[in-house]
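Grab a pencil and work through a few short exercises on the model shown here. Each comes with a solution to check yourself against.

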Amino acid sequence: MNDTPFPGSPVMPEMFDGGKTIQFQCRKGIACWNVCCSNIDISLTPYDILRLKEHLDITSTEFLDKYTLPYEMEMDSIAGVKLRPVAGGSACQFMTPDGCSVYADRPTACRYYPVALLSMRRQDENVDRDSYALVKEEHCLGHQEPKSLTIEQYREEQGLPEYDELARGWRQLILKKKSSGPTIGKPSKRSLQLFFMTCYDVDRFREFVASEGFQDVYQMPDEEQLKILSDDSTLMLFGFRFLRQVMFGEMSISMREESVAARRSRVAEKHSRLEREAAERLMRDENEMYGDQE
Ligand code: SF4
Ligand code: SF4
């Protein structure tokens with residue numbers, strides 16, 4: 001990769017590993033204080049939402065309503081969430097003259113800036129290193145400060161190892177979805193809603209896991225269920241496992257016999273419907289192409 005995807009992009013056209021030394025410091029009193037928080041475009045990870053809703057002492061549903069905007073990450077096939085700026089403006093709702101009002105629980109993107117995480121090592125691979133880029137925007141004077149540190153040290157300073165670890169399952173779901181290629185037809189509204197609730201609305205997902213409908217389909221020992229339901233992070237991680245099972249058939253949660261049989265017959269029915277539709281389409285196309293030659 002030797003050029004930026006968009007001309008004039010502030011992303012430096014070089015990839016680094018965590019050992020790269022950068023020169024940067026953001027500090028109160030710097031002339032550009034709050035400039036970056038005045039014009040935001042910040043995507044949130046599921047763990048960002050957990051931390052912020054706990055900080056604000058509200059439910060994830062309330063947090064999503066008041067502080068976020070949904071968006072479509074990959075040509076309307078993956079649901080994402082961004083911070084919603086102030087009404088009629090572009091500044092972050094958490095910005096104050098003194099800085100960030102949720103600083104201890106600020107999102108991953110705010111912690112990383114001006115470093116960008118480009119790709120993350122898979123959990124089952126030990127060779128590949130995480131890779132990063134540097135973002136240099138004219139308004140940000142932090143690059144002129146005399147402090148030098150490696151990207152790894154910067155990540156530690158910003159509390160990022162914990163944030164990255166807890167978002168890993170979600171990032172892997174997105175990567176897997178992207179690499180599995182385009183879905184046949186548009187993903188159903190129900191599957192987008194399920195992804196949204198499971199990843200971002202942990203309090204509604206808790207109600208879903210505790211519901212009779214869920215218990216009817218999945219078999220989970222009481223002790224495990226209690227553990228999952230009583231801790232937001234554990235519940236969130238369980239959600240990623242649940243989605244891997246629903247989206248990619250990676251079975252890790254036991255299902256009741258009757259549900260497995262019903263699922264198999266639904267899948268078989270879906271496949272034969274798709275095959276039927278494809279055959280009909282082919283016949284229609286052939287008729288259109290050769291119809292008048294008869
Ligand atoms: S959450 Fe805090 S650091 Fe992030 S944009 Fe808002 S005010 Fe700035
Ligand atoms: S130094 Fe950069 S990150 Fe810090 S306040 Fe200024 S613009 Fe924002």
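What follows is three exercises with worked solutions.

Before you start: this is a predicted model, where local features need pLDDT of at least 70, side-chain atom pairs count only at pLDDT 80 or more, and totals for chains, interfaces and linings use all residues. Residues are numbered from 1 along each chain as its sequence is written, while chains are lettered from A and ligands numbered from 1 in the order in which they are written.

**Exercise 1.** Work out which residue classes make up the shell around ligand 1.

*Solution.*
- List the neighbours, meaning residues whose C-beta atom, placed from the backbone, lies within 6 Å: Cys37, Ile40, Ile42, Cys92, Phe94, Met95, Cys100, Val102, Arg106, Pro107 and Cys110.
- Sort them, with Ala, Val, Leu, Ile, Met, Phe, Trp, Tyr, Cys and Pro as nonpolar, Asp, Glu, Lys and Arg as charged, and the others, Gly among them, as polar.
- You get 10 nonpolar, no polar and 1 charged residues.

**Exercise 2.** Do the sorting for ligand 2.

*Solution.*
- The residues around ligand 2 include Cys26, Cys32, Trp33, Asn34, Cys36, His139, Cys140 and Gly142.
- The full shell has 9 nonpolar, 3 polar and no charged residues.

**Exercise 3.** Find how far you can trust the chain, using pLDDT (the predictor's confidence in each residue, from 0 to 100).

*Solution.*
- The protein chain averages a pLDDT of 88, and 88% of the residues score at least 70.
- Over residues 1-5, though, the pLDDT is below 50.
- Where pLDDT is low, don't read the predicted coordinates in detail.

Key: Contact = placed C-beta atoms within 7 Å.
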